Amino acid sequence: MALGVFGVTPLYEGWDISRIRLKTEEPLKPAHPLGPLVPSKTKLTTIETKRIMSVLDETIYKVELISLLSYMEEQPQALEGALPPEIMNVVKDHLDFCQALLQMVSFLQEKERQTEEENGQQERWYHDSHTMDMFKTSIPMIIQQVQETTRNVLRCLLSNPSSAKLLQERAPGRSAEAQCFLQSLVEMRGFLFEKLLTSPMEVKERAQFLYDITRRNNRNQELINSLENELAERMKNRDMEVEKENFVIQELKNHLHQVLRFSENTLLRTKQEAEKQQKIDFRAGQARLAKVQQEVLLLRSQFHNLTMENWEAEQALRKKKYKVETEIENWIQKYDSEMGEKQEEIEELDSIHKEEKQQLAELQQRHDVLVEEFSQIRAEREITSKKRMEAEREMVRMVKAATVIQAVWKGYLVRSMLMSKKKRGKGKGGAGKGGAGKGGGKGKGKGKGKK
């Protein structure tokens, strides 16, 4: 079984190191002559994209710090007094677990190589395979411990920026693998930054732009080839076409002369027919105009008659309206006077109610001092005051209800008086027609009025 997955190379080697700038600005872009292939935006605008870039920058920074721990493994005395003791303890635990993991992986690789060479010895192979299984089962636990110690180291360094800066300054460099990994992360950051700056519409436009350029180039090349072939053929046929066109021009001139002569005759004939049709239409219009004028005179006379009738009906309705409005105004004034009196009564009751409320407030203040002694008396007074307030509210509601009933009754009386007047007028008209004569009816009416 291959155990190359667990192989870990040292992270420190050589002096090849450069400080990585962690920022969310636009990386340097080469000048590109094709405008549509360059993103239109230069900075991130949305919160989501900024968060993505900040997470990637933080990851790069953490990888940079972790890749410098191998330097402490190679030279532990270089930073012995510079870093705080708690950081040194966490780093030592991490290095111990890493060393144990490397030893276990190398041991398993060696055992696997030996078992492949000694396939004939079954008993020893069984014993070694049992030992390898035990080591394999313990490897995930050690890997988990390495991951936990790595997180602890990162927490300590991030919580103490001065120690992280000191580690970066003292450590001379990283291994080639770590530097390559960091460079790949930086390249991925630049690619991701450009990808986030490019909107889906720009991606679509870029693909369409490249497709259009390719298709245009192919089409232009085909067009150039076809034009070159056509040019040679057209140079040969140019003279023949010119002769044909001259012949066609001469024929068109002859045809145009004939069309002009025919159009003149047609124009004269059309003009004569139009004059005849104009005379016929003028006569028909005169007859239609006379008929319309007669209808207008008839409608005007009908309109005048209707106007006079409506004016007389309007005058009668105006008199009736004025009489009804005066009666309504009198009733409104009477209603206002009665409501004013009721309002004064309500105000008097309200003033009495306010005085009683003041008295109740004074009693409540005294009651607060003697709460324990007069609790029962206070309850009785509260019940009494509530009953009085309910009686007053009931009185107000009764007054309002009486006012509404009086208003409705007065309206009813007004309507009944108006109806009785209408009935009396109709009764007088019927008596005048059914009696002995107009004189007799008038005499009876005057006698009743005097009585």
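Leaving aside neighbours within four places in sequence, with which residues is valine 153 in contact? Contact here denotes heavy atoms within 4.5 Å, and on that criterion valine 153 touches Leu69, Val90, Val91 and His94. The structure analysed is a predicted model, in which local features need pLDDT of at least 70 and side-chain atom pairs count only at pLDDT 80 or more, while totals for chains, interfaces and linings use all residues. Residues are numbered from 1 along each chain as its sequence is written, and side-chain values use heavy atoms, with hydrogens and water left out.

The secondary structure comprises nine helices and zero strands, where helices (H or I, at least four residues) and strands (E, at least two) are DSSP runs numbered from the N terminus. Along the sequence the pattern is accordingly α-α-α-α-α-α-α-α-α. Of contacts between residues at least 6 apart in sequence, 84% join residues at least 24 apart. The accessible surface amounts to about 35,700 Å², of which 58% belongs to carbon and sulfur atoms; accessible areas were obtained by the Shrake-Rupley method with a 1.4 Å probe, and for residues only the protein chains shown count as cover. Buried residues account for 17% of the 451 residues, buried meaning under 20% relative accessible area, exposed over 50%, and partly exposed in between (1.4 Å probe, protein chains only).

Helix H1 spans residues 47-67, and its end C-alpha atoms are 30 Å apart, in agreement with the 30 Å expected for 21 residues at 1.5 Å a residue; the expected span is 1.5 Å times one less than the number of residues. Among the buried residues of H1 are Met53, Leu56, Ile60, Val63, Leu65 and Ile66, together with the charged Asp57 and Glu64.

The largest nonpolar core contains 19 residues, and those with the most contacts inside it are Leu65, Ile87, Val91, Val153 and Leu157. H1, helix H3 (85-117), helix H4 (122-159) and helix H5 (161-170) each supply at least two residues of this core, and the largest share, five residues, comes from H3. A second, separate core of seven residues includes Val105, Leu108, Ile139 and Val146. A nonpolar core is a set of buried Ala, Val, Leu, Ile, Met, Phe, Trp, Tyr and Cys residues joined through side-chain atoms within 4.5 Å.

Side chains of opposite charge can pair when their charged atoms come close. With a salt bridge defined as a side-chain nitrogen of Lys or Arg within 4 Å of a carboxyl oxygen of Asp or Glu, the count comes to 10 salt bridges. One of these joins lysine 62 to glutamate 58, with the closest N and O atoms 3.4 Å apart. Because these two residues are four residues apart in helix H1, lysine 62 and glutamate 58 are separated by about one helical turn. Lysine 62 is partly exposed at 27% relative accessible area, as is glutamate 58 at 40%.

Salt bridges also connect helix H7 (residues 200-369) with helix H8 (residues 375-434). Glutamate 327 pairs with lysine 421 at a closest N and O separation of 3.7 Å, linking distant parts of the chain, 94 residues apart, in H7 and H8 respectively. Glutamate 327 is buried, with a relative accessible area of 18%, whereas lysine 421 is partly exposed at 42%. For arginine 388 and glutamate 356, the closest N and O atoms are 2.9 Å apart. Arginine 388 lies in H8 and glutamate 356 in H7, so this pair ties together parts that are 32 residues apart in sequence. Both are partly exposed, arginine 388 at 32% and glutamate 356 at 22%.

Phe247, Val248 and Leu252 make a nonpolar surface patch of about 300 Å². Patches are made of residues with over 30% relative accessible area and no salt bridge, like charges being joined within 9 Å and nonpolar side chains (Val, Leu, Ile, Met, Phe, Trp, Tyr) within 5 Å. Phenylalanine 247 lies in helix H7 and is exposed, with a relative accessible area of 53%.
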